[in-house]
Amino acid sequence: MEPHGLTAKSILGILILSAFLTCFANAEIHYHEFVIEATPVKRLCKTYERVTVNGQFPGPTLEVRDGDSLVITAVNKAKYNVTLHWHGIRQLRNPWADGPEYITQCPIRPGMSYTYRFTIQHQEGTLWWHAHSKWLRATVYGAIIIYPKLGCPYPFPMPTREIPILLGEWWNRNPMDVLRQATFTGAAPNVSDAFTINGQPGDLYRCSNKETVRFQVESGETILLRIINSALNQELFFGVANHKMTVVAVDAAYTKPFTTNVIMIAPGQTTNVLLTANQPPALYYMAAHAYNSANAPFDNTTTTAILEYNSATKKKSSKPICPQLPGFNDTATATAFTAQLRSPSKVDVPVYIDDNLFITVGLGLISCSNPNSPRCQGPNGTRFAASMNNVSFVFPTRNSLMQAYYQGQPGVFTTDFPPVPPIQFDYTGNVSRGLWQPVKRTKLYKLKFGSKVQVVFQDTSIVSVEDHPMHIHGYQFYVVGSGFGNFNPRTDPAKFNLINPPIRNTIGSNPGGWVAIRFVADNPGIWLVHCHIDAHLTWGLAMAFLVENGVGELQTVQPPPLDLPQC
């Protein structure tokens, strides 16, 4: 007869169980105060006043684990209205913490504050936070690093160190003034004066080499680069001289690893790569420059940082080795990079679709009664616009959409956003000028809780074809297909990847092409859908989903916090 007590097998079982449970315990609450105020920032030979958080540019990095909660009090000491958005955080049942101005909250006015409270739920990887008011995010942004729960490993070899790489855009002029001028004239805004890596332009710009960011590495070690495109208006190519990168995650979702010399990353997107220091000890440039998919002016400068081997000979004459980045308009390389992205294993893609939307995304022009007047400085005396299914989105000002919906206030928005273009045409061909002018409205599209949704974003050739990085707040989605030309609903779905498509929160439509996504509408609330090129958002390239409550508390929007700003 076996004695009472624990056998070796049961002890082993308890140890395995406790290790499993450890992975799900130890959630913490992180408290932060973000003081938003003007700060002197010296770049490109001069000192400028720029809006920052806690005097830092870029702003503070938030480091948390899956399951942790954040309580962040935003104190507005700047002269502008402001809100903060936690880009890519699901914010389940909690649109009040999402942050886009006049969508889920009224702005935090100068001298006021608001506390964002939210929990990270089943997400890990790299995300970021930024201002979501006008063009303040040019300097108000920072990284969010979500580690796995304690005791859970990465699904790839453990790096020796991790480095956030925030790619940004710098204007010598106050970005808010750049926006104000463009809004007045109706013309395209002035392009940036520099790109930046972690806030610094790098060696190739005047008065900048002393502050060029340097990252020390030991020969043979593998590091994790957490790359974020926080630029306001520009998709970017990024590479490291003579080093290959292994992509392991995008937008806080793991990927099937693949190796590349260069990545293309759009505003709003994040990409995690492993890099092994396996080259002769020396100085190597990390560099980023524009991927310009439109027929439009762009900043053609290059930002750099330095990967410095600790064993490299310290000579004053040592010059870093430069990477070979693709040409500015190399759509083939950009497309080939994106096409390699896959989830690591099979994922649960919706197969039967309840809501099937086909949405044109692109630019337009508003005709003026007095062409070439000071307010009509766009092409041929017009004003630039942008739209989705010919609706140019108008942000409300009387109340936020979510507050109006929750309070039952009429007249702020309608729910008749068209699921298909009002007029069918050759979207990527020679479009009649009669179709270039959109209508300005505040239209939402209503979804039932739990509905399975497919959206095809179709670029148009109106004004110019372009890769529009489309971001959906409150959701991640499966990118099931993409192509060039006009989407064919009869033949293209047969080529969809319904097995292991990548999971993203921001995805570009191919320039002169389309991209198809699927998701389940399992997060009630109002969620903004927009192009993450902020010039296009300003022109109206946006709409919003109104996801209705489901059944019971866990499928219902939670009540708004008491300190939610009022309009």
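**Exercise 1. Classify Cys-322 by accessibility, and decide whether its sulfur can take part in a bond.**

Step 1. Cys-322 has a relative accessible area of 46%. Buried means under 20% relative accessible area, exposed over 50%, and partly exposed in between, computed with a 1.4 Å probe on protein chains only. Cys-322 is therefore partly exposed.

Step 2. A disulfide is a pair of cysteine sulfur atoms within 2.5 Å. The closest cysteine sulfur to that of Cys-322 is in Cys-207, 20 Å away, so it is too far for a bond.

A note on the model: it is predicted, local features need pLDDT of at least 70, side-chain atom pairs count only at pLDDT 80 or more, and totals for chains, interfaces and linings use all residues. Residues are numbered from 1 along each chain as its sequence is written, and side-chain values use heavy atoms, with hydrogens and water left out.

**Exercise 2. Find how many disulfides the structure holds, and describe each.**

Step 1. There are three disulfides.

Step 2. In one of them, the sulfur atoms of Cys-45 and Cys-207 are 1.9 Å apart. This link is right-handed, with 90° about the S-S bond. It connects distant parts of the chain, 162 residues apart: Cys-45 is in the loop between strand E1 (29-43) and E2, and Cys-207 is in the loop between strand E10 (194-197) and strand E11 (214-217). Strands (E, at least two residues) and helices (H or I, at least four) are DSSP runs, numbered from the N terminus. Cys-45 is partly exposed at 31%, whereas Cys-207 is exposed at 52%.

Step 3. Cys-106 is joined to Cys-567, S to S 1.9 Å. The link of Cys-106 and Cys-567 is left-handed, with -100° about the S-S bond. Here the two residues are 461 apart, Cys-106 in the loop between strand E5 (84-87) and strand E6 (113-119), Cys-567 in the segment after strand E32 (542-547). Cys-106 is buried at 0%, and Cys-567 is partly exposed at 37%.

Step 4. Cys-368 is joined to Cys-376, S to S 2.0 Å. Their link is left-handed, with -100° about the S-S bond, and both residues are buried.

**Exercise 3. Examine the backbone in the loop between E2 and E3.**

Step 1. Asn-54 is found in this loop. Its phi is near 55°, a positive value in a residue other than glycine.

Step 2. Pro-58 lies in the loop between strand E2 (46-53) and strand E3 (62-65). A cis peptide bond joins Phe-57 and Pro-58, with omega about -5°.

**Exercise 4. Describe the largest pocket and its lining.**

Step 1. The volume is about 810 Å³. On a 1 Å grid over the protein atoms alone, a pocket is an open set of points where a 1.4 Å probe fits, with protein on both sides within 12 Å along at least five of seven lines; lining residues have an atom within 4 Å of a point.

Step 2. The largest pocket is lined by 35 residues, and closest to its centre are Lys-134, Thr-183, Phe-395, Leu-537 and Thr-538.

Step 3. The elements that each supply at least two lining residues include helix H2 (175-185) and helix H5 (534-539). H2 gives the most, with five residues.

Definitions and conventions
Points joined across faces, edges and corners; volume = space filled by probe spheres on them.
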